[in-house]
Amino acid sequence: MKIADDRPAKLSTTRRDFIKTASALTGAAVLCPLDFCCVARAAGQPEAIIIRGHHLFDMLEALGTGKSSHKTLGPVAQKTRANPEVPIKVVIGVDDICAPCEWWDRAKAHCKRSLTTHPQDNENSMASDKNAIRVLGLKPGDTMSAADLYRLIKTKVTKKVFAEEVCVACRLVNKCKETYESRIEAAVKALSGPRS
Ligand code: SF4
């Protein structure tokens, strides 16, 4: 059926083009110039999921439990949990969670959720994106399987590193750090064992 076959490729291209454009607006270093997604799909591999640095940590709870009420993070986490070998491409700025989110301002390329009450949030999120990728020893655009990536996070990001190097600028860090160790443990376990 021609229409059904063409539709996913068209949507996927639109998503990549949007993220490339939006990332350019934010000045973020982002996607592989060789367009890894197309190379991977042509080789029969699953398309990489694009995740900004600090969302790797926001996804921990959903990866561990399989549950999330977040409309755009939840589906990405569930897709990852269902296939731990799916490639994840780490980026700074807009990703597969922000791009479809109701709070993402495409024109201004930033999150508008807390702009009035917490105007520094976007800047701090970008700092956390950069910190996360640096601490992991990666570069923006680097890609690896979800299972390997979360094992790397567990190895490199202790509670102290999480609080003092990755999310150091975030206003929620003191609360998040208290559950970080149990959440990374559960996420790695979920990506290593049989799927529930
Ligand atoms: S747009 Fe804002 S609220 Fe939505 S996923 Fe991105 S950072 Fe979170």
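The legends below describe close-up views of a predicted model.

**View 1. The open sheet of three strands.** The strands of this open sheet follow the order 1-2-5, and their pairing is mixed. Strand 1 (49–52) and strand 5 (143–145) form the edges, since each of them pairs on one side only. On average, and with direction ignored, neighbouring strands of the sheet are turned by 35° against each other.

**View 2. Strand 2 and strand 5, with helix 7 lying across them.** Strand 2 (residues 87–91) pairs with strand 5 in the antiparallel sense, over three bridges, and Ile-88 has Met-144 in strand 5 as its bridge partner. Helix 7 (residues 146–156) lies across both strand 2 and strand 5, and runs at about 100° to strand 5.

**View 3. The largest nonpolar core.** This core has 39 residues, and the members that touch the most other members are Met-59, Leu-63, Ile-88, Tyr-150, Ile-153, Ala-187 and Leu-191. Helix 9 (residues 173–192) gives the most to the core, contributing six residues. In soluble globular proteins, nonpolar side chains tend to be buried together.

**View 4. The contacts of Tyr-150.** When residues up to four places away in sequence are left out of the count, Tyr-150 touches Ala-187, Val-188 and Leu-191. Tyr-150, Ala-187 and Leu-191 are also among the core residues that touch the most other members.

**View 5. The residues around the ligand.** The ligand is surrounded by Thr-72, Ile-97, Cys-98, Cys-101, Trp-103, Trp-104, Cys-111 and Arg-113. Sorted by class, this shell holds six nonpolar residues, one polar residue and one charged residue.

Notes
Residues are numbered from 1 along each chain as its sequence is written. This is a predicted model: local features need pLDDT of at least 70, side-chain atom pairs count only at pLDDT 80 or more; totals for chains, interfaces and linings use all residues. A nonpolar core is a set of buried Ala, Val, Leu, Ile, Met, Phe, Trp, Tyr and Cys residues joined through C-beta atoms within 7 Å. A residue is buried if 20 or more other C-beta atoms lie within 10 Å of its own, exposed if 12 or fewer, and partly exposed in between; C-beta atoms are placed from the backbone. Helices (H or I, at least four residues) and strands (E, at least two) are DSSP runs, numbered from the N terminus. Two residues are in contact if their C-beta atoms, placed from the backbone, lie within 7 Å. A residue is near a molecule or strand if its C-beta atom, placed from the backbone, lies within 6 Å of it. Ala, Val, Leu, Ile, Met, Phe, Trp, Tyr, Cys and Pro count as nonpolar, Asp, Glu, Lys and Arg as charged, and the others, Gly among them, as polar. Two strands pair if DSSP finds at least two bridges between them. Axes are lines fitted to C-alpha atoms, for helices over the stretch in contact, and angles run from 0 to 180 degrees between N-to-C directions.
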